Amino acid sequence: MLPQEIIRRKRDGHELSADEVTFIVRGIHDGSLSEGQVAAFAMTVFFRGMTTAERVALTLGLARSGLVLDWADLDLPGPVLDKHSSGGVGDKVSLMLAPIVAACGGFVPMISGRGLGHTGGTLDKLASISGYNVQPDIATFRKVVREVGCAVIGQTDDLAPADRRLYATRDVTGSVESIPLLVSSILSKKIAEGLDGLVMDVKCGSGAFCDTEDMARDLARSLVAVANRAGLPTVALITDMDRVLGRDVGNALEVAETVAYLAGNGTREPRLHEVTMALAGEMLVLGKLVPDAATGRAQAEAALADGRAAETFGRMVDALGGPSDFLEHSARYLAHAPVVRPCTAERTGYVVGMNARDVGIAVVTLGGGRTHADDAIDPSVGLTDVVDLGTPVRAGSPLCIVHAATDAAADQAMAEVRRAIRIGDGPPAPKPVLMERVA
(Lines give C-alpha, C1' and ligand atoms only; values in the text may rest on other atoms or scores of the structure.)
Protein backbone atom coordinates (compact mmCIF):
# COMPACT_ATOMS: atom_id res chain seq x y z
CA MET A 1 0.00 0.00 0.00
CA LEU A 2 1.06 3.58 -0.64
CA PRO A 3 0.06 6.16 1.99
CA GLN A 4 -0.45 8.89 -0.60
CA GLU A 5 -2.96 6.70 -2.47
CA ILE A 6 -4.90 5.98 0.73
CA ILE A 7 -4.95 9.70 1.52
CA ARG A 8 -6.09 10.41 -2.05
CA ARG A 9 -8.96 7.89 -1.74
CA LYS A 10 -10.12 9.51 1.50
CA ARG A 11 -9.75 12.95 -0.04
CA ASP A 12 -12.04 11.89 -2.88
CA GLY A 13 -14.73 10.74 -0.45
CA HIS A 14 -14.21 6.95 -0.50
CA GLU A 15 -14.56 4.76 2.58
CA LEU A 16 -11.27 3.23 3.67
CA SER A 17 -11.01 -0.45 4.52
CA ALA A 18 -9.90 -1.62 7.96
CA ASP A 19 -6.58 -2.72 6.41
CA GLU A 20 -6.01 0.73 4.92
CA VAL A 21 -6.72 2.47 8.21
CA THR A 22 -4.47 0.03 10.06
CA PHE A 23 -1.70 0.70 7.53
CA ILE A 24 -1.98 4.45 8.17
CA VAL A 25 -1.86 3.97 11.96
CA ARG A 26 1.17 1.72 11.66
CA GLY A 27 2.92 4.39 9.62
CA ILE A 28 2.07 7.05 12.18
CA HIS A 29 3.51 4.86 14.94
CA ASP A 30 6.72 3.64 13.29
CA GLY A 31 7.52 6.93 11.54
CA SER A 32 7.22 5.61 7.99
CA LEU A 33 4.61 8.31 7.34
CA SER A 34 6.13 11.76 7.04
CA GLU A 35 4.83 14.72 9.04
CA GLY A 36 3.26 16.03 5.85
CA GLN A 37 1.43 12.75 5.26
CA VAL A 38 0.15 12.58 8.84
CA ALA A 39 -1.06 16.18 8.55
CA ALA A 40 -2.70 15.47 5.18
CA PHE A 41 -4.49 12.43 6.60
CA ALA A 42 -5.75 14.43 9.60
CA MET A 43 -7.03 17.29 7.45
CA THR A 44 -8.63 14.92 4.95
CA VAL A 45 -10.55 13.24 7.76
CA PHE A 46 -11.46 16.67 9.15
CA PHE A 47 -13.14 17.63 5.87
CA ARG A 48 -14.43 14.25 4.68
CA GLY A 49 -15.33 12.61 7.99
CA MET A 50 -15.34 8.87 8.66
CA THR A 51 -17.96 6.14 8.74
CA THR A 52 -18.51 4.25 11.97
CA ALA A 53 -16.54 1.30 10.57
CA GLU A 54 -13.58 3.57 9.76
CA ARG A 55 -13.75 5.12 13.23
CA VAL A 56 -13.71 1.67 14.84
CA ALA A 57 -10.68 0.65 12.75
CA LEU A 58 -8.83 3.86 13.64
CA THR A 59 -9.67 3.51 17.33
CA LEU A 60 -8.52 -0.11 17.54
CA GLY A 61 -5.40 0.64 15.52
CA LEU A 62 -4.39 3.47 17.86
CA ALA A 63 -5.19 1.36 20.96
CA ARG A 64 -3.11 -1.57 19.71
CA SER A 65 -0.11 0.60 18.80
CA GLY A 66 1.11 0.11 22.37
CA LEU A 67 0.41 -1.83 25.55
CA VAL A 68 -3.17 -2.98 26.18
CA LEU A 69 -3.64 -3.65 29.88
CA ASP A 70 -4.97 -7.03 30.95
CA TRP A 71 -6.26 -7.37 34.49
CA ALA A 72 -7.07 -11.10 34.37
CA ASP A 73 -3.87 -12.13 36.15
CA LEU A 74 -4.79 -10.01 39.19
CA ASP A 75 -8.06 -11.92 39.68
CA LEU A 76 -9.90 -8.74 40.65
CA PRO A 77 -13.16 -9.43 42.51
CA GLY A 78 -15.03 -6.76 40.56
CA PRO A 79 -15.34 -5.09 37.15
CA VAL A 80 -12.79 -2.66 35.67
CA LEU A 81 -14.61 0.61 34.97
CA ASP A 82 -13.80 4.18 33.99
CA LYS A 83 -15.32 7.54 33.11
CA HIS A 84 -14.13 10.22 30.72
CA SER A 85 -15.21 13.85 30.47
CA SER A 86 -14.92 15.97 27.35
CA GLY A 87 -13.73 18.81 29.58
CA GLY A 88 -15.18 21.80 31.36
CA VAL A 89 -14.68 24.57 33.92
CA GLY A 90 -14.67 23.48 37.55
CA ASP A 91 -15.13 19.84 36.53
CA LYS A 92 -13.54 17.88 39.36
CA VAL A 93 -15.97 14.95 39.07
CA SER A 94 -13.24 12.38 38.31
CA LEU A 95 -11.57 13.03 41.67
CA MET A 96 -14.81 12.16 43.46
CA LEU A 97 -16.15 9.49 41.16
CA ALA A 98 -13.16 7.13 41.14
CA PRO A 99 -13.13 6.52 44.93
CA ILE A 100 -16.95 6.38 45.08
CA VAL A 101 -17.13 3.62 42.47
CA ALA A 102 -14.17 1.81 44.05
CA ALA A 103 -15.94 1.92 47.41
CA CYS A 104 -18.93 0.25 45.72
CA GLY A 105 -16.93 -2.71 44.38
CA GLY A 106 -15.57 -1.45 41.07
CA PHE A 107 -11.92 -1.09 40.06
CA VAL A 108 -11.08 2.21 38.38
CA PRO A 109 -7.78 2.61 36.45
CA MET A 110 -8.38 6.22 35.40
CA ILE A 111 -5.90 7.74 32.98
CA SER A 112 -6.44 11.48 32.75
CA GLY A 113 -4.93 14.46 30.97
CA ARG A 114 -3.54 17.90 31.72
CA GLY A 115 -5.50 21.05 31.06
CA LEU A 116 -5.00 23.13 27.93
CA GLY A 117 -6.80 26.35 27.15
CA HIS A 118 -9.75 27.30 29.35
CA THR A 119 -10.51 23.79 30.68
CA GLY A 120 -8.80 22.37 33.74
CA GLY A 121 -7.07 19.00 33.71
CA THR A 122 -7.57 16.28 36.32
CA LEU A 123 -3.84 15.59 36.28
CA ASP A 124 -2.96 19.20 37.16
CA LYS A 125 -5.36 19.07 40.09
CA LEU A 126 -3.78 15.91 41.49
CA ALA A 127 -0.28 17.32 40.88
CA SER A 128 -1.13 20.10 43.33
CA ILE A 129 -1.09 17.49 46.13
CA SER A 130 2.37 17.42 47.71
CA GLY A 131 4.20 14.23 46.72
CA TYR A 132 1.43 12.74 44.53
CA ASN A 133 3.01 10.82 41.62
CA VAL A 134 0.93 11.44 38.52
CA GLN A 135 3.24 9.33 36.30
CA PRO A 136 3.93 6.03 38.07
CA ASP A 137 5.13 3.00 36.12
CA ILE A 138 2.59 0.44 34.96
CA ALA A 139 3.48 -2.02 37.72
CA THR A 140 2.79 0.57 40.41
CA PHE A 141 -0.41 1.64 38.67
CA ARG A 142 -1.72 -1.93 38.60
CA LYS A 143 -0.70 -2.51 42.22
CA VAL A 144 -2.58 0.57 43.45
CA VAL A 145 -5.70 -0.33 41.46
CA ARG A 146 -5.65 -3.84 42.93
CA GLU A 147 -5.01 -2.78 46.54
CA VAL A 148 -6.99 0.48 46.75
CA GLY A 149 -9.61 0.02 44.03
CA CYS A 150 -8.70 3.12 42.02
CA ALA A 151 -5.73 5.08 40.73
CA VAL A 152 -5.90 8.34 38.78
CA ILE A 153 -2.72 8.99 36.77
CA GLY A 154 -1.49 10.46 33.48
CA GLN A 155 -1.00 8.68 30.19
CA THR A 156 2.18 6.62 30.06
CA ASP A 157 4.44 6.20 27.03
CA ASP A 158 3.24 2.60 26.71
CA LEU A 159 -0.43 3.35 26.06
CA ALA A 160 -1.65 4.31 22.56
CA PRO A 161 1.65 5.90 21.44
CA ALA A 162 0.41 6.43 17.87
CA ASP A 163 -2.32 8.66 19.24
CA ARG A 164 0.24 11.02 20.78
CA ARG A 165 1.87 11.66 17.39
CA LEU A 166 -1.47 12.05 15.63
CA TYR A 167 -2.77 14.40 18.33
CA ALA A 168 0.37 16.55 18.17
CA THR A 169 -0.16 16.91 14.42
CA ARG A 170 -3.85 17.73 14.87
CA ASP A 171 -2.93 20.37 17.45
CA VAL A 172 -0.80 22.34 14.96
CA THR A 173 -2.93 21.81 11.85
CA GLY A 174 -6.31 22.99 13.10
CA SER A 175 -7.94 19.57 13.07
CA VAL A 176 -8.45 19.03 16.82
CA GLU A 177 -12.22 19.57 16.41
CA SER A 178 -12.69 16.62 14.05
CA ILE A 179 -15.28 14.34 15.67
CA PRO A 180 -13.86 11.09 14.16
CA LEU A 181 -10.32 11.95 15.27
CA LEU A 182 -11.50 13.11 18.70
CA VAL A 183 -13.54 9.94 19.24
CA SER A 184 -10.65 7.70 18.23
CA SER A 185 -8.21 9.60 20.42
CA ILE A 186 -10.41 9.35 23.51
CA LEU A 187 -11.46 5.73 23.05
CA SER A 188 -8.06 4.35 22.02
CA LYS A 189 -6.67 5.17 25.46
CA LYS A 190 -9.75 3.78 27.22
CA ILE A 191 -9.60 0.52 25.26
CA ALA A 192 -5.89 0.28 26.13
CA GLU A 193 -6.88 0.41 29.81
CA GLY A 194 -8.57 -3.00 29.45
CA LEU A 195 -11.97 -1.84 30.70
CA ASP A 196 -15.21 -3.76 31.23
CA GLY A 197 -17.29 -0.59 30.92
CA LEU A 198 -16.99 3.13 30.25
CA VAL A 199 -19.24 6.11 30.95
CA MET A 200 -18.73 9.29 28.94
CA ASP A 201 -19.59 12.73 30.33
CA VAL A 202 -20.05 14.89 27.23
CA LYS A 203 -20.15 18.53 28.29
CA CYS A 204 -22.32 21.01 26.40
CA GLY A 205 -22.31 24.80 26.64
CA SER A 206 -20.13 27.88 26.66
CA GLY A 207 -17.42 26.24 28.77
CA ALA A 208 -17.24 23.02 26.75
CA PHE A 209 -15.62 21.76 23.57
CA CYS A 210 -19.18 21.17 22.30
CA ASP A 211 -20.90 24.53 22.53
CA THR A 212 -24.18 23.37 20.95
CA GLU A 213 -26.53 20.51 21.76
CA ASP A 214 -26.29 19.19 18.19
CA MET A 215 -22.51 18.94 18.43
CA ALA A 216 -22.66 17.32 21.87
CA ARG A 217 -25.21 14.80 20.64
CA ASP A 218 -23.08 14.00 17.57
CA LEU A 219 -20.02 13.41 19.76
CA ALA A 220 -21.93 11.33 22.33
CA ARG A 221 -23.58 9.12 19.72
CA SER A 222 -20.30 8.54 17.92
CA LEU A 223 -18.48 7.68 21.15
CA VAL A 224 -21.16 5.18 22.15
CA ALA A 225 -21.43 3.60 18.69
CA VAL A 226 -17.67 3.25 18.15
CA ALA A 227 -16.92 2.04 21.67
CA ASN A 228 -19.61 -0.62 21.65
CA ARG A 229 -18.62 -1.87 18.18
CA ALA A 230 -15.01 -2.00 19.38
CA GLY A 231 -16.09 -4.26 22.26
CA LEU A 232 -16.22 -1.71 25.09
CA PRO A 233 -19.72 -1.32 26.64
CA THR A 234 -20.29 2.43 26.87
CA VAL A 235 -23.01 4.89 27.87
CA ALA A 236 -22.83 8.69 27.51
CA LEU A 237 -24.49 11.45 29.50
CA ILE A 238 -24.72 14.94 27.99
CA THR A 239 -24.37 17.46 30.83
CA ASP A 240 -24.61 21.22 31.05
CA MET A 241 -21.43 23.32 30.95
CA ASP A 242 -22.95 26.78 30.52
CA ARG A 243 -21.72 27.64 34.01
CA VAL A 244 -19.07 26.54 36.47
CA LEU A 245 -19.55 23.01 37.84
CA GLY A 246 -19.28 23.18 41.62
CA ARG A 247 -18.23 26.30 43.49
CA ASP A 248 -14.49 26.50 42.86
CA VAL A 249 -12.18 26.71 39.83
CA GLY A 250 -8.41 26.21 40.10
CA ASN A 251 -6.20 23.23 40.79
CA ALA A 252 -5.55 23.18 44.55
CA LEU A 253 -8.89 24.89 45.16
CA GLU A 254 -10.77 22.11 43.34
CA VAL A 255 -8.88 19.46 45.30
CA ALA A 256 -9.97 21.20 48.50
CA GLU A 257 -13.57 21.19 47.24
CA THR A 258 -13.21 17.48 46.46
CA VAL A 259 -12.01 16.70 49.97
CA ALA A 260 -14.89 18.67 51.48
CA TYR A 261 -17.36 16.88 49.19
CA LEU A 262 -16.08 13.40 50.03
CA ALA A 263 -15.73 14.07 53.76
CA GLY A 264 -19.13 15.76 53.98
CA ASN A 265 -17.70 19.02 55.28
CA GLY A 266 -20.45 21.44 54.26
CA THR A 267 -23.22 21.32 51.69
CA ARG A 268 -22.43 19.51 48.44
CA GLU A 269 -23.11 21.79 45.46
CA PRO A 270 -26.31 20.33 43.93
CA ARG A 271 -25.32 20.31 40.22
CA LEU A 272 -21.92 18.78 40.96
CA HIS A 273 -23.54 16.15 43.17
CA GLU A 274 -26.19 15.33 40.55
CA VAL A 275 -23.57 14.74 37.80
CA THR A 276 -21.39 12.65 40.11
CA MET A 277 -24.25 10.45 41.30
CA ALA A 278 -25.66 9.99 37.79
CA LEU A 279 -22.28 8.88 36.43
CA ALA A 280 -21.69 6.59 39.43
CA GLY A 281 -25.05 4.91 38.89
CA GLU A 282 -24.33 4.30 35.22
CA MET A 283 -20.85 2.92 35.95
CA LEU A 284 -22.16 0.46 38.53
CA VAL A 285 -24.83 -0.75 36.08
CA LEU A 286 -22.24 -1.28 33.33
CA GLY A 287 -20.14 -3.26 35.81
CA LYS A 288 -23.18 -5.41 36.66
CA LEU A 289 -22.80 -4.49 40.31
CA VAL A 290 -26.39 -3.21 40.46
CA PRO A 291 -29.53 -3.93 38.41
CA ASP A 292 -30.34 -0.31 37.57
CA ALA A 293 -29.03 3.25 37.83
CA ALA A 294 -31.32 4.17 40.73
CA THR A 295 -29.86 1.36 42.83
CA GLY A 296 -26.38 2.44 41.77
CA ARG A 297 -27.02 6.00 42.89
CA ALA A 298 -28.28 4.75 46.24
CA GLN A 299 -25.11 2.70 46.74
CA ALA A 300 -22.95 5.69 45.76
CA GLU A 301 -24.81 7.88 48.27
CA ALA A 302 -24.22 5.24 50.95
CA ALA A 303 -20.48 5.12 50.19
CA LEU A 304 -20.36 8.88 50.72
CA ALA A 305 -22.48 8.80 53.87
CA ASP A 306 -20.49 6.13 55.71
CA GLY A 307 -17.07 7.52 54.77
CA ARG A 308 -15.90 4.65 52.54
CA ALA A 309 -15.43 6.91 49.50
CA ALA A 310 -13.40 9.46 51.46
CA GLU A 311 -11.25 6.71 52.98
CA THR A 312 -10.60 5.26 49.51
CA PHE A 313 -9.51 8.67 48.20
CA GLY A 314 -7.10 9.07 51.12
CA ARG A 315 -5.63 5.61 50.54
CA MET A 316 -5.15 6.37 46.81
CA VAL A 317 -3.28 9.60 47.60
CA ASP A 318 -1.08 7.77 50.10
CA ALA A 319 -0.38 4.84 47.74
CA LEU A 320 0.72 7.22 44.97
CA GLY A 321 3.20 9.13 47.11
CA GLY A 322 1.01 11.78 48.72
CA PRO A 323 0.65 12.45 52.46
CA SER A 324 -0.91 9.63 54.47
CA ASP A 325 -2.96 12.18 56.44
CA PHE A 326 -4.03 14.24 53.43
CA LEU A 327 -7.73 13.73 54.00
CA GLU A 328 -7.51 15.01 57.58
CA HIS A 329 -5.06 17.86 56.95
CA SER A 330 -5.36 18.74 53.27
CA ALA A 331 -4.87 22.47 53.93
CA ARG A 332 -1.30 21.76 55.09
CA TYR A 333 -0.36 20.16 51.78
CA LEU A 334 -2.08 22.43 49.25
CA ALA A 335 -0.59 25.73 48.06
CA HIS A 336 -2.33 28.95 49.09
CA ALA A 337 -2.31 32.16 47.04
CA PRO A 338 -0.92 35.28 48.75
CA VAL A 339 -3.71 37.55 47.47
CA VAL A 340 -7.33 36.66 48.29
CA ARG A 341 -9.97 39.28 47.38
CA PRO A 342 -13.70 39.34 46.63
CA CYS A 343 -14.87 40.14 43.11
CA THR A 344 -18.04 42.16 43.67
CA ALA A 345 -21.14 42.82 41.60
CA GLU A 346 -21.53 46.25 40.06
CA ARG A 347 -25.32 46.29 40.19
CA THR A 348 -28.26 44.73 42.03
CA GLY A 349 -30.27 41.97 40.39
CA TYR A 350 -30.04 38.27 39.57
CA VAL A 351 -27.31 36.24 37.90
CA VAL A 352 -28.95 35.47 34.55
CA GLY A 353 -26.04 34.22 32.47
CA MET A 354 -22.45 33.05 32.61
CA ASN A 355 -19.85 32.50 29.91
CA ALA A 356 -18.08 29.55 31.51
CA ARG A 357 -15.28 29.67 28.95
CA ASP A 358 -14.43 33.24 29.98
CA VAL A 359 -14.44 32.22 33.65
CA GLY A 360 -11.93 29.50 32.73
CA ILE A 361 -9.83 32.03 30.82
CA ALA A 362 -9.77 34.24 33.94
CA VAL A 363 -8.19 31.36 35.85
CA VAL A 364 -5.67 30.83 33.03
CA THR A 365 -4.83 34.56 33.22
CA LEU A 366 -4.15 34.13 36.95
CA GLY A 367 -1.61 31.42 36.08
CA GLY A 368 -3.83 28.45 36.89
CA GLY A 369 -3.90 27.04 33.34
CA ARG A 370 -1.75 26.87 30.26
CA THR A 371 -1.98 28.17 26.71
CA HIS A 372 0.95 26.02 25.53
CA ALA A 373 1.53 22.39 26.44
CA ASP A 374 4.84 23.12 28.23
CA ASP A 375 3.59 26.08 30.33
CA ALA A 376 4.09 25.90 34.10
CA ILE A 377 1.02 26.55 36.24
CA ASP A 378 0.45 28.00 39.69
CA PRO A 379 -1.66 25.46 41.61
CA SER A 380 -2.74 27.98 44.26
CA VAL A 381 -4.65 30.46 42.11
CA GLY A 382 -8.26 30.45 40.97
CA LEU A 383 -11.78 31.32 42.07
CA THR A 384 -13.89 30.10 44.97
CA ASP A 385 -17.55 30.52 45.88
CA VAL A 386 -18.56 31.33 42.30
CA VAL A 387 -22.23 32.39 42.18
CA ASP A 388 -24.70 30.16 40.40
CA LEU A 389 -27.33 31.20 37.88
CA GLY A 390 -30.42 32.60 39.54
CA THR A 391 -28.54 33.89 42.59
CA PRO A 392 -29.81 37.29 43.78
CA VAL A 393 -26.96 39.79 44.21
CA ARG A 394 -26.65 43.34 45.44
CA ALA A 395 -24.19 45.97 44.25
CA GLY A 396 -20.99 45.29 46.18
CA SER A 397 -21.82 41.68 47.09
CA PRO A 398 -19.35 38.93 46.00
CA LEU A 399 -19.63 37.15 42.67
CA CYS A 400 -16.67 35.00 43.72
CA ILE A 401 -13.43 35.14 45.70
CA VAL A 402 -10.27 35.60 43.63
CA HIS A 403 -7.05 33.83 44.68
CA ALA A 404 -4.07 35.43 42.93
CA ALA A 405 -0.30 35.77 43.03
CA THR A 406 -0.41 39.58 42.82
CA ASP A 407 -2.89 42.42 43.19
CA ALA A 408 -2.49 43.27 39.50
CA ALA A 409 -3.37 39.69 38.51
CA ALA A 410 -6.39 39.81 40.81
CA ASP A 411 -7.59 43.05 39.24
CA GLN A 412 -7.35 41.60 35.73
CA ALA A 413 -9.19 38.41 36.74
CA MET A 414 -11.96 40.44 38.39
CA ALA A 415 -12.52 42.41 35.21
CA GLU A 416 -12.75 39.17 33.21
CA VAL A 417 -15.16 37.57 35.70
CA ARG A 418 -17.44 40.62 35.69
CA ARG A 419 -17.59 40.45 31.89
CA ALA A 420 -18.35 36.72 32.05
CA ILE A 421 -21.24 36.96 34.54
CA ARG A 422 -24.42 38.75 33.43
CA ILE A 423 -26.80 40.30 35.94
CA GLY A 424 -30.42 41.02 35.02
CA ASP A 425 -33.57 42.19 36.68
CA GLY A 426 -35.25 38.81 37.19
CA PRO A 427 -34.17 35.19 37.72
CA PRO A 428 -33.59 33.03 34.62
CA ALA A 429 -35.54 29.90 33.79
CA PRO A 430 -34.02 26.85 35.49
CA LYS A 431 -31.87 24.57 33.36
CA PRO A 432 -31.17 20.91 34.23
CA VAL A 433 -27.58 19.75 34.51
CA LEU A 434 -28.41 16.33 33.01
CA MET A 435 -29.48 17.01 29.42
CA GLU A 436 -29.60 13.60 27.72
CA ARG A 437 -28.58 9.96 28.05
CA VAL A 438 -27.15 8.20 24.99
CA ALA A 439 -26.88 4.41 25.01
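**Exercise 1. Find the partner of Arg8 and place the pair in the fold.**

Let's start with Arg8 itself: with a relative accessible area of 38%, this residue is partly exposed. Keep in mind as you work that the model is predicted.

Step 1. Look for a carboxylate partner. Arg8 forms a salt bridge with Glu5, and the closest N and O atoms are 3.6 Å apart. That falls inside the cut-off of 4 Å for such a pair.

Step 2. Place both residues. Glu5 and Arg8 belong to helix 1 and are 3 residues apart, about one turn of the helix.

Step 3. Check the partner's surroundings. Glu5 is partly exposed too, its relative accessible area being 38%.

**Exercise 2. Work out which side of helix 1 faces the protein, and what covers it.**

Step 1. List the buried residues of helix 1, which spans residues 3-11: they are Pro3, Ile6, Ile7 and Lys10.

Step 2. Look down the axis. These residues lie on the same side of helix 1 because the arc they cover around the axis is only 100 degrees.

Step 3. Identify the cover. Helix 2 (18-30), helix 3 (35-48) and helix 4 (52-63) are among the elements that cover these buried residues.

Step 4. Follow the chain onward. After helix 1 comes Gly13, which has a positive phi, near 95 degrees.

**Exercise 3. Compare two salt bridges that link distant parts of the chain.**

A general reminder helps here: side chains of opposite charge can pair when their charged atoms come close.

Step 1. Take Glu257 and Lys92. Their closest N and O atoms are 2.7 Å apart, in a salt bridge. Glu257 sits in helix 11, while Lys92 sits in the loop between strand 1 (81-85) and helix 5 (93-103), 165 residues apart. Both Glu257 and Lys92 are buried.

Step 2. Take Asp407 and Arg341. Here the salt bridge has an N to O distance of 3.4 Å. The pair joins helix 17 (residues 407-420), home of Asp407, to strand 6 (residues 339-344), home of Arg341, across 66 residues.

Step 3. Check accessibility in the second pair. Asp407 is partly exposed at 45% relative accessibility, and Arg341 is partly exposed at 24%.

Step 4. Widen the view. The count of salt bridges comes to 29. A network of salt bridges links Asp240, Asp242, Arg243, Arg271, Asp388 and Lys431.

**Exercise 4. Describe the cavities and their linings.**

Step 1. Count them: there are 2 cavities of 30 Å³ or more.

Step 2. Describe the largest cavity, which holds about 160 Å³ of space. It is lined by 21 residues, and Thr119, Gly120, Val363, Gly368 and Gly369 are the closest to its centre. Two or more lining residues come from each of helix 6 (122-127), helix 11 (251-263) and helix 16 (356-368). Helix 16 gives the largest share, 4 residues.

Step 3. Sort that lining by class: 5 residues are nonpolar, 12 polar and 4 charged.

Step 4. Turn to the second largest cavity, with a volume of about 30 Å³. Its lining consists of Glu213, Ala216, Arg217, Ile238, Met435 and Glu436. Helix 10 (213-229) and strand 12 (434-438) are the elements that give two or more residues to this lining, and helix 10 has the largest share, 3 residues.

Step 5. Sort the second lining in the same way: 3 residues are nonpolar, none polar and 3 charged.

Conventions
Residues are numbered from 1 along each chain as its sequence is written. This is a predicted model: local features need pLDDT of at least 70, side-chain atom pairs count only at pLDDT 80 or more; totals for chains, interfaces and linings use all residues. Side-chain values use heavy atoms; hydrogens and water are left out. On a 1 Å grid over the protein atoms alone, a cavity is a set of points where a 1.4 Å probe fits but cannot get out, and a pocket is an open set with protein on both sides within 12 Å along at least five of seven lines; lining residues have an atom within 4 Å of a point. Grid points are joined across faces, edges and corners, and a volume is the space filled by probe spheres set on the points. Ala, Val, Leu, Ile, Met, Phe, Trp, Tyr, Cys and Pro count as nonpolar, Asp, Glu, Lys and Arg as charged, and the others, Gly among them, as polar. Buried means under 20% relative accessible area, exposed over 50%, partly exposed in between (1.4 Å probe, protein chains only). The arc is that of the directions from the helix axis to the C-beta atoms. Contact means heavy atoms within 4.5 Å. A salt bridge is a side-chain nitrogen of Lys or Arg within 4 Å of a carboxyl oxygen of Asp or Glu.
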